Amino acid sequence: MASCRWLWRLAALWLAPWAAWAGGVEPLPVVQAARGVYVHHGAQEDWLPSNGGDVANLSFVVGERCVAVIDTGGSVEVGQRLRASVAQVTALPVCYVIHTHAHNDHVLGGSAFGSAGPAGRDPVYLAHARFAPALQARERYITQAVERDFKRSLDHGAFVYPSRTVAASAGLDLDLGGRRLELRAWPTAHTDNDLTVYDALTKTLLLGDLLFVGHLPVVDGRLRGWLAVMADLRRLDVAVAVPGHGPPSADWPGVLDAQQRYLEALLRETRAAIKSRMTIQEAVETVGRGATASWVLVDEFHKRNVTAAYAELEWEE
């Protein structure tokens with residue numbers, strides 16, 4: 001019996017793409033991070049045409065009644081392939097699509113899940129209460145970036161806005177049938193609209209970009225707020241942590257440590273640069289360089305992080 005269970009788990013851990021899935025869409029490869037929790041690992045790269053925008057981790061959780069999808073990818077094609085991955089695992093409908101924050105690499109596949117809900121209806125789209133204004137503010141930039149870099153046109157319909165939201169610093173429970181998901185909206189941290197999903201059955205926490213592993217953390221909200229949220233996250237009872245970028249981990253809360261060291265160095269050295277009256281240009285060239293050695297995508301994001309930290313901390317008392 002133990003041998004059978006081991007073979008079943010091994011088979012479930014890697015679902016090879018089936019190009020013969022309905023419509024000829026090749027499913028994304030997924031791993032089973034915990035029982036019934038499936039994760040696609042995005043490439044540890046910047047959002048580019050060469051990877052089709054497939055750079056964020058995307059997940060889905062299977063209950064007895066229906067499925068919840070967490071983040072939908074950096075293009076509609078990635079979203080279509082994720083939908084194919086769900087169909088490869090289960091015939092159950094997708095009753096919820098949850099976006100952890102409004103960055104393009106996590107949300108542009110949302111329209112692929114139209115009619116995926118029960119009886120062919122649209123699923124319920126959920127996000128932080130601040131998600132809609134954040135996405136609206138970015139919509140023009142994303143459209144221009146897709147036209148410039150991907151050579152494709154996007155209209156407003158490509159951007160899926162939530163049909164239900166979770167209030168800031170509040171929570172919401174979802175029932176998938178024999179499985180409860182706990183959604184929590186956080187104060188401003190990585191962004192001003194970060195949402196986590198906790199599967200109570202397996203104690204799996206899907207963090208979106210509140211956690212980066214390997215990929216340099218990106219500050220698009222408040223540095224001090226992110227460190228405060230991480231202190232709260234450490235108190236949660238977690239068996240498996242799924243980051244927005246990088247592999248899932250059972251080392252909780254240890255998996256937070258590398259990110260915390262980088263963010264604390266960014267905070268400490270930016271404050272020192274401001275105190276010594278460095279200009280922002282001087283700070284960008286020097287702050288935090290010793291804390292970046294273990295990360296990828298440093299050239300793409302570190303200087304931007306220093307700029308954001310300097311702007312946040314320049315007038316603190």
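Tutor: Let's begin with a rule: two strands pair if DSSP finds at least two bridges between them. We will use this rule on a predicted model.

Student: How do you know that β8 and β9 pair?

Tutor: Strand β9 covers residues 180-185, and 5 bridges link β8 with β9. The rule asks for at least two bridges, so β8 and β9 count as a pair. Their sense is antiparallel, and G171 stands opposite R184 in β9.

Student: Which sheet holds β8 and β9?

Tutor: They belong to an open sheet of 5 strands, in the order β8-β9-β10-β11-β12, and its pairing is mixed.

Student: What makes β8 and β12 edge strands?

Tutor: β8 (171-175) and β12 (240-245) each pair on one side only. Neighbouring strands of this sheet are turned against each other by 25° on average, with direction ignored.

Student: How do you know that β1 and β2 pair?

Tutor: There are 3 bridges between β1 and strand β2, residues 37-40. With at least two needed, β1 and β2 therefore pair. They run antiparallel, with V31 opposite V39 in β2.

Student: Which strands make up the open sheet that β1 belongs to, and in what order?

Tutor: That open sheet has 7 strands with mixed pairing, ordered β1-β2-β3-β4-β5-β6-β7. Its edge strands are β1 (31-34) and β7 (164-166), each of which pairs on one side only. From one strand to the next, the twist averages 25°.

Student: Which helix lies across β2, β3, β4 and β5?

Tutor: Helix α2 does, crossing β2, β3 (58-62), β4 (67-70) and β5 (94-98), and α2 runs at about 30° to β3.

Student: What makes you say that α5 and α6 pack, and at what angle?

Tutor: Helix α5 is residues 223-233 and helix α6 is residues 257-275; their angle is about 145° and their axes are 10 Å apart. The crossing of α5 past α6 is left-handed. From α5, L223, R224, W226, L227 and M230 meet Q259, Q260, L263, E264, L266, L267 and R271 of α6. By class, this contact has 7 nonpolar, 2 polar and 3 charged residues.

Student: Why are L223 and R224 put in different classes there?

Tutor: Leu counts as nonpolar and Arg as charged, so L223 and R224 are sorted apart.

Student: Now the pockets. What is the volume of the largest pocket?

Tutor: The largest pocket has a volume of about 470 Å³. It has 23 lining residues, and D46, N104, Y141, F301 and R304 lie nearest its centre. Elements giving two or more residues to this lining are α3 (104-107), α4 (131-150), β11 (204-212) and α8 (298-313). The largest share is that of α4, with 5 residues.

Student: Why is D46 called a lining residue of the largest pocket?

Tutor: A lining residue has an atom within 4 Å of a pocket point, and D46 is on the list, so D46 meets that cut-off. By class, the lining has 8 nonpolar, 5 polar and 10 charged residues.

Student: How much space lies in the second largest pocket?

Tutor: About 310 Å³. This pocket is lined by 19 residues, and G52, S75, V76, E77 and R152 are the closest to its centre. Two or more lining residues come from each of α2 (76-89) and α4. Of these elements, α2 gives the most, with 4 residues.

Student: Why does G52 count as polar?

Tutor: Gly is placed among the polar residues, so G52 falls in that class. The lining of the second largest pocket divides into 9 nonpolar, 6 polar and 4 charged residues.

Methods:
Residues numbered from 1 in each chain as written. Predicted model: local features only at pLDDT ≥ 70, side-chain atom pairs only at ≥ 80, totals over all residues. Heavy atoms only, no water. 1 Å grid on protein atoms, 1.4 Å probe; cavity = no way out; pocket = protein on both sides within 12 Å on 5 of 7 lines; lining within 4 Å. Points joined across faces, edges and corners; volume = space filled by probe spheres on them. Axes fitted to C-alpha atoms, helices over the stretch in contact; angles between N-to-C directions. Left-handed = near helix turned anticlockwise from the far one by under 90°. Contact = heavy atoms within 4.5 Å.
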